[in-house]
Number of protein chains: 2
Amino acid sequence: MALIEQLNKRYATKNFDTTKKISTENLSTLLEAIRLSASSYGLQAYKVVVVENDEIRKRLREVSWNQSQITDASQLLVFAVETDASESTVDGFVANIAKTRNMEAKDLTGYSDMMKGTFQRPKEVVLNWLTHQVYIGLGFGLVTAAELNIDACPMEGFDSDKYDEILGLKKQNLHSVVLLAVGYRSAEDGYQHLAKVRRSKADFFVNV
Amino acid sequence: MALIEQLNKRYATKNFDTTKKISTENLSTLLEAIRLSASSYGLQAYKVVVVENDEIRKRLREVSWNQSQITDASQLLVFAVETDASESTVDGFVANIAKTRNMEAKDLTGYSDMMKGTFQRPKEVVLNWLTHQVYIGLGFGLVTAAELNIDACPMEGFDSDKYDEILGLKKQNLHSVVLLAVGYRSAEDGYQHLAKVRRSKADFFVNV
């Protein structure tokens, strides 16, 4: 299958070619795949910040261990979870369901109450749960990038509080969780030639 | 792009066709994509339990709010994080790198020490971090299933402690995190006809 070949070719790109930009069409496909990604109930309690601005990226790089991907990739995607997600998030979601499916919100009361129940858990548990969903979106982005022959580097090594400040996320009740730098590998990036290291099938799968 | 069409067709399948099994080849492709998925450092501190056994699935269904997907899907994938991941996990990973890339483990000491540093954080923080990686694998599984025209349902509504008991995970220091039921939708599953509900682009993306 072609996809497996693409997944074997992908790697966490360390050096991007600064002269190559992702086409508008491909970027739009990549973002659309992330927007379509699954999340618990479909709540999607996060946003994706698409950073292109060079000045901002310079500042972000300073709080990302000076990793070159931040400034050199074609775009930097910052996945940010909603820290104030609550019962009213459910209300917004239910309104969206009703609108999309031509239903009355009141006919969704049972479903809405069930979802609201999950927000009764401790705030930290709720935030963990919502953060998990962000990583599904990251997975969708990584596979789609591979399909599109776009190189990518998922990154957790950055100061998320500083990101929130620089990107003005805190005042929007958003908290940066994980990054996806996307673009095209530099011919100089030696990592592309290294054999992929993965757990063996025997070590990774258990059959029951 | 064909992938976007596939992602629009996918949905969290509620009723699977019990007469349809995923072919050996397609199942193997799906699992391979999950095995190839990205994870922090490439550590992959989790396993995927592929459950086919009917008796076991009946017992799992009892602790999954009686959801039919558990027994009716072609296979049930249980993603389980390693609860005892530690510095020795890093040693195993480094040995795998050395073997795969024909290097000496001692030449990877700096990298190894850096990774071991991340295990110095509180146990709960480490486990959260490792759990995030599991969800990337789930994302890889979902997109690949869509590509292969395999239907799937990601599920969090189950008693993970009971799963650990029934599948004998606890004694292997594994903890079930999330499920992916895979197979083929039943023609009777009304959910397949509902319009997909997603946040609008304007609401989901921020451009900087």
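Which residue in S2(A) does Val49(A) stand opposite? Val78(A) is the partner across from Val49(A), and that pair is a handy way into the sheet. The structure here is a predicted model, in which local features need pLDDT of at least 70, side-chain atom pairs count only at pLDDT 80 or more, and totals for chains, interfaces and linings use all residues. Residues are numbered from 1 along each chain as its sequence is written, while chains are lettered from A and ligands numbered from 1 in the order in which they are written.

Now for the sheet itself. Helices (H or I, at least four residues) and strands (E, at least two) are DSSP runs, numbered from the N terminus, and two strands pair if DSSP finds at least two bridges between them. Strand S1 (residues 46-51) of chain A runs antiparallel to S2(A), with 6 bridges joining the two. S2(A) is also joined to strand S4 (residues 174-183) of chain A, again antiparallel, by 8 bridges. Along that second seam, Gln75(A) has Val182(A) as its bridge partner, and Ala80(A) stands opposite Ser176(A). Strand S2 (residues 75-82) of chain A is mostly covered, with 7 of its 8 residues buried. Here a residue is buried if 20 or more other C-beta atoms lie within 10 Å of its own, exposed if 12 or fewer, and partly exposed in between, with C-beta atoms placed from the backbone.

The sheet takes in a strand from the other chain, too. Its order is S3(A)-S4(A)-S2(A)-S1(A)-S5(B), which makes an open sheet of 5 strands with mixed pairing. Strand S3 (151-155) of chain A and S5 of chain B stand at the edges with a single partner strand each, so one side of each has no neighbour in the sheet. From one strand to the next, the twist averages 25°. A cross-chain pairing is also found between strand S5 (residues 205-207) of chain A and S1(B), which pair in the parallel sense over 3 bridges. In that pairing Val206(A) sits opposite Val49(B).

Helix H7 (residues 123-147) of chain A lies across S1, S2, S3 and S4 of chain A and runs at about 155° to S2(A). Such angles run from 0 to 180 degrees between N-to-C directions, and the axes are lines fitted to C-alpha atoms, for helices over the stretch in contact. Two residues are in contact if their C-beta atoms, placed from the backbone, lie within 7 Å.

Two asparagines in loops of chain A have unusual backbones to look at. Asn149(A), in the loop between H7 and S3 of chain A, has a phi near 60°, a positive value in a residue other than glycine. Asn149(A) is exposed, with 11 other C-beta atoms within 10 Å. Asn173(A) is in the loop between helix H8 (160-166) and S4 of chain A, and its phi is positive as well, at about 55°. Asn173(A) counts as exposed, with 12 C-beta neighbours inside 10 Å.How do the two chains fit together? A turn of 180° and a shift of 0.0 Å along the axis lay chain B on chain A with an RMSD of 0.0 Å, the superposition being by least squares on the C-alpha atoms of residues with pLDDT of at least 70 in both. The two copies are thus related as by a two-fold rotation axis. In chain B, the C-alpha nearest that axis belongs to Gly139(B), 2.2 Å away from it.

The contact takes 54 residues from chain B and 54 residues from chain A. On the side of chain B that touches chain A, H7(B) gives the most, with 12 residues. By class, that side of chain B has 30 nonpolar, 15 polar and 9 charged residues; Ala, Val, Leu, Ile, Met, Phe, Trp, Tyr, Cys and Pro count as nonpolar, Asp, Glu, Lys and Arg as charged, and the others, Gly among them, as polar. The copies meet through the same surface, because 100% of the interface residues of chain B are also interface residues in chain A.

Finally, helix H2 of chain B. The 12 residues of H2(B) should span 16 Å at 1.5 Å a residue, which agrees with end C-alpha atoms 16 Å apart; the expected span is 1.5 Å times one less than the number of residues. Its buried residues are Leu30(B), Leu31(B), Ala33(B), Ile34(B) and Arg35(B). Their cover includes helix H1 (2-9), helix H9 (201-204) and S5 of chain A, together with S1, H7 and strand S4 (174-183) of chain B. Glu32(B), also in helix H2 of chain B, counts as partly exposed, with 19 C-beta neighbours inside 10 Å.
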